[in-house]
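Reader: Hello! I work at the bench and would love a close look at one part of this protein. Could you walk me through it in plain words?

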Amino acid sequence: PYVLGAMLGDGGMSSLQSSPHIHCPDVEILNKLDSFGYPTHTVAACTHKMLNLNIKSELINLGLWGCLSETKFIPEIYKFASIENRTELLRGLMDSDGNVEKFHVLRYSTVSLRLAKDIQELVWGLGGNCTINEKLPHYTYKGSRLQGKLSYYLNINLKNAGNYVTL
């Protein structure tokens with residue numbers, strides 16, 4: 001479940017690629033993936049090819065292969081898994097694309113409304129509270145201010161919030 005969470009957060013699963021990638025500068029996440037049997041190979045500064053040949057077929061079976069950032073989701077089988085598996089899934093999501101704010105509030109951002117709602121449901125199932133807010137970000141590229149994709153920011157409150165982040 002941790003590996004799936006990390007892939008939903010920072011993974012590349014587009015069918016335009018020959019194999020799944022993870023876009024991650026954190027060596028701790030890469031080491032954790034390796035400890036779960038999913039080693040990586042660095043192909044660019046923060047891009048790492050997943051070397052376990054089974055991961056692509058696993059993503060295909062879950063209906064995730066070919067998903068872009070805005071179409072990612074949590075498969076139903078993971079939404080109703082054991083508490084331990086749901087916790088590991090949330091850890092992978094938080095380690096890859098989340099952070100801890102003041103007062104131990106967890107924050108997660110995504111451009112996928114479906115993934116945002118799935119995470120909200122996951123948090124509720126773990127006994128927490130989760131709100132979703134929209135934001136239209138802007139960024140500067142070559143001196144021009146450009147509009148980004150509509151993003152969804154989740155504010156997550158869980159008892160013992162530190163248990164859901166390992167970095």
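What follows looks at the salt bridges around one lysine, and then at some other contacts and strands. Which residues are linked with Lys 79 in a network of salt bridges?

Author: Happy to help! Please keep in mind that this is a predicted model. The network of salt bridges links Glu 76, Lys 79, Asp 118 and Glu 121. The structure as a whole holds five salt bridges.

Let's begin with Glu 76. Its salt bridge with Lys 79 has the closest N and O atoms 2.9 Å apart. Both residues belong to helix α4, which covers residues 76-79, and they are three residues apart, about one turn of the helix. Lys 79 has a relative accessibility of 13%, and because buried means under 20%, Lys 79 counts as buried. Glu 76, at 46%, counts as partly exposed.

Now to Asp 118. Its side chain meets that of Lys 79 in a salt bridge, at 3.0 Å from N to O. This pair links distant parts of the chain, since Asp 118 is in helix α6 (residues 113-125) and Lys 79 is in helix α4, 39 residues apart. Asp 118 is buried, with a relative accessible area of 5%.

Glu 121 is another partner of Lys 79, and here the closest N and O atoms are 3.7 Å apart. Glu 121 lies in helix α6 and Lys 79 in helix α4, so this pair ties together parts that are 42 residues apart in sequence. With a relative accessible area of 35%, Glu 121 is partly exposed.

Charged side chains also meet aromatic rings in this model. Arg 114 lies over the face of Phe 73, at 3.9 Å from the ring centre. The charged end of Lys 32 sits over the ring of Tyr 2, 4.4 Å from the centre of that ring.

Tyr 2 deserves a second look. The count of aromatic pairs comes to one. In that pair, the ring centres of Tyr 2 and Phe 36 are 5.9 Å apart and their planes stand at 35 degrees, so the pair is tilted. Tyr 2 lies in helix α1 (residues 2-10) and Phe 36 in the loop between α2 (27-35) and β3 (40-44), so the pair ties together parts that are 34 residues apart in sequence. Tyr 2 counts as buried at 2% relative accessibility, whereas Phe 36 is partly exposed at 42%.

From β3 we can step into a sheet. Four strands make an open sheet in the order β1-β2-β4-β3, with antiparallel pairing. Its edge strands, β1 (11-12) and β3, each pair on one side only. Four bridges connect β3 with strand β4 (residues 47-50) in the antiparallel sense, and Thr 47 in β4 is the bridge partner of Ala 44.

Strand β10 (residues 151-157) gives another view. Five of its seven residues are buried, so β10 is largely enclosed by the rest of the structure. Strand β6 (residues 106-110) is joined to β10 by five bridges and the two run antiparallel; there, Tyr 108 stands opposite Leu 154. Strand β7 (residues 129-135) is joined to β10 by seven bridges, again antiparallel, and Tyr 152 in β10 is the bridge partner of Glu 134.

Last, the surface. Tyr 139, Tyr 141 and Leu 146 make a nonpolar patch of about 310 Å². Tyr 141 lies in strand β8 (residues 138-141) and is partly exposed, with a relative accessible area of 49%.

Conventions
Residues numbered from 1 in each chain as written. Predicted model: local features only at pLDDT ≥ 70, side-chain atom pairs only at ≥ 80, totals over all residues. Heavy atoms only, no water. Patch = residues over 30% accessible without salt bridge, like charges linked within 9 Å, V, L, I, M, F, W, Y side chains within 5 Å. Areas by Shrake-Rupley, 256 points an atom, 1.4 Å probe, with all protein chains shown as cover. Salt bridge = Lys/Arg side-chain N within 4 Å of Asp/Glu carboxyl O. Buried < 20%, exposed > 50% of the residue type's maximum accessible area, 1.4 Å probe, protein only. Phe/Tyr/Trp six-rings, centres within 6.5 Å; stacked < 30°, edge-to-face > 60°. Lys NZ or Arg CZ within 6 Å of the ring centre and 35° of its normal. Pairing = 2+ DSSP bridges.
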